[in-house]
Amino acid sequence: MPTPSQNALFGMGNPLLDISAVVDKDFLDKYGLKPNDQILAEEKHKALFDEIVKKSKVEYHAGGSTQNSWMIQEPHKVATFFGCIGKDHFGEILKQKAAEAHVDAHYYEQNEEPTGTCAACITGDNRSLVANLAAANCYNKEKHLDLENNWGLVEKARVYYIAGFFLTVSPESILKVAKHASDRNKVFGLNLSAPFISQFFKEPLMKVMPYVDILFGNETEAAAFAKEQGFETDDVAEIARRVQLLPKVNKNRQRIVVFTQGREDTVATVGDKVTMFPVLDIDQNDIVDTNGAGDAFVGGFLSELVQEKTLEHCIRAGHYAANTIIRRCGCTFPEKPDFQ
């Protein structure tokens, strides 16, 4: 199997510093949060960030859906990451965390807005995420992606992955990368990321969809997408089949659709069939929190995809990564993953 070269995998998204803390139901109710959801912070959530930081036990992790999605150990810097941060303390932490994870991060740094944060409010084994994009929202295609040196890194890659969350920031950047991948017969992956993306960012999402070779999502996101598209079904396997048949520009690659369902089987399109892949068993008592499980799944999947492994192998690696993450706090990984 080919060893992936440096910068073989390219991602862009919202680099956020995750601030996680265990909270109670009253805390969720106070800010109108659901136990297992992800939303963008509004004015009413501003105090939430102050309050959660004052909690006795807060953990900081480098986050943001795309940045969470890497699991390749050797060689270093297989993954390139673009996103926008502020010139501040949290920005420095993100740079340090990316370096520790051997990700080749090229951030667009600006002074207008501080580095984005994401509050992970953990109750039991659920997590409610509130993202304050701040700097992440300031990504600028002309001032970063279009620069010759940066675009050169895009051209070096063979596999591309962008979280749907980035559709709220720079859909034109996503389209430029997606078209490049499609024209060169490279692999472009996108994640549905959250129900609100399918609902409120339907237009930019559907502009990118014809270039998507691999679409990721979970059962809730799949259902939201199906509803918006008028599929009139909530059967996840049927939704996957319908998504595969949506128009596609590069006819050399059949679209692959992968929907995870927590502890239920993962649904994936294999050729013209929809196949169920059972997840690894885990004792409920071993679950620390499910924060980042979906991102980790994608990370495991991509780490094998970039080595040109089979779809089945990619999904197995995804299950391994998700199973490992939920035993730990936040989207963190052991020093040396032992996936074989």
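**Exercise 1.** In this predicted model, determine the strand order of the open sheet formed by nine strands, and state which strands lie at its edges.

*Solution.* Begin with the order, which reads 6-5-1-9-10-11-12-13-14 across the open sheet of nine strands, with mixed pairing. Next, look for the strands that pair on one side only: these are strand 6 (104-110) and strand 14 (273-277), the edge strands. Finally, consider the twist, for which neighbouring strands of this sheet are turned against each other by 15 degrees on average, direction ignored.

**Exercise 2.** Establish whether strand 1 and strand 9 pair in the parallel or antiparallel sense, and find the helices that pack against this part of the sheet.

*Solution.* Strand 1 (residues 9-12) is joined to strand 9 (residues 159-163) over four bridges, and the two pair in the parallel sense. Within this pair, glycine 11 stands opposite tyrosine 161 of strand 9. Turning to the helices, helix 6 (residues 171-183) packs on the sheet and touches strand 1, strand 9 and strand 10 (187-191), its direction making about 155 degrees with that of strand 9. Helix 11 (residues 293-305) lies across strands that include strand 1, strand 9, strand 11 (214-218) and strand 13 (264-270), and runs at about 155 degrees to strand 11.

**Exercise 3.** Describe the open sheet of five strands, together with the helices that lie on it.

*Solution.* The order of the five strands is 3-8-7-2-4, and the pairing is mixed. Strand 3 (37-40) and strand 4 (59-63) are the edge strands, each pairing on one side only, while the twist averages 20 degrees from one strand to the next. Inside the sheet, strand 7 (residues 116-123) and strand 8 (residues 126-132) run antiparallel and are joined by seven bridges, with cysteine 121 standing opposite serine 128 in strand 8. Helix 3 (residues 89-100) packs on the sheet by touching strand 2, strand 4 and strand 7, and its direction makes about 65 degrees with that of strand 4. Helix 2 (residues 46-54) lies across strand 2 (16-22), strand 4, strand 7 and strand 8, running at about 65 degrees to strand 7.

**Exercise 4.** Classify the packing of helix 9 against helix 10 by crossing angle and handedness.

*Solution.* The axes of helix 9 (residues 219-228) and helix 10 (residues 236-244) come within 10 Å and cross at roughly 60 degrees. Helix 9 is therefore oblique to helix 10. The crossing of helix 9 and helix 10 is left-handed. The contact involves Glu219, Ala222, Ala223, Phe225 and Ala226 of helix 9, which meet Val236, Ile239 and Val243 of helix 10.

Notes
Residues are numbered from 1 along each chain as its sequence is written. This is a predicted model: local features need pLDDT of at least 70, side-chain atom pairs count only at pLDDT 80 or more; totals for chains, interfaces and linings use all residues. Side-chain values use heavy atoms; hydrogens and water are left out. Two strands pair if DSSP finds at least two bridges between them. Axes are lines fitted to C-alpha atoms, for helices over the stretch in contact, and angles run from 0 to 180 degrees between N-to-C directions. Contact means heavy atoms within 4.5 Å. Angles under 35 degrees count as roughly parallel, over 145 as roughly antiparallel, 65 to 115 as roughly perpendicular and the rest as oblique. A crossing is left-handed if the near helix is turned anticlockwise from the far one by less than a right angle, and right-handed if clockwise.
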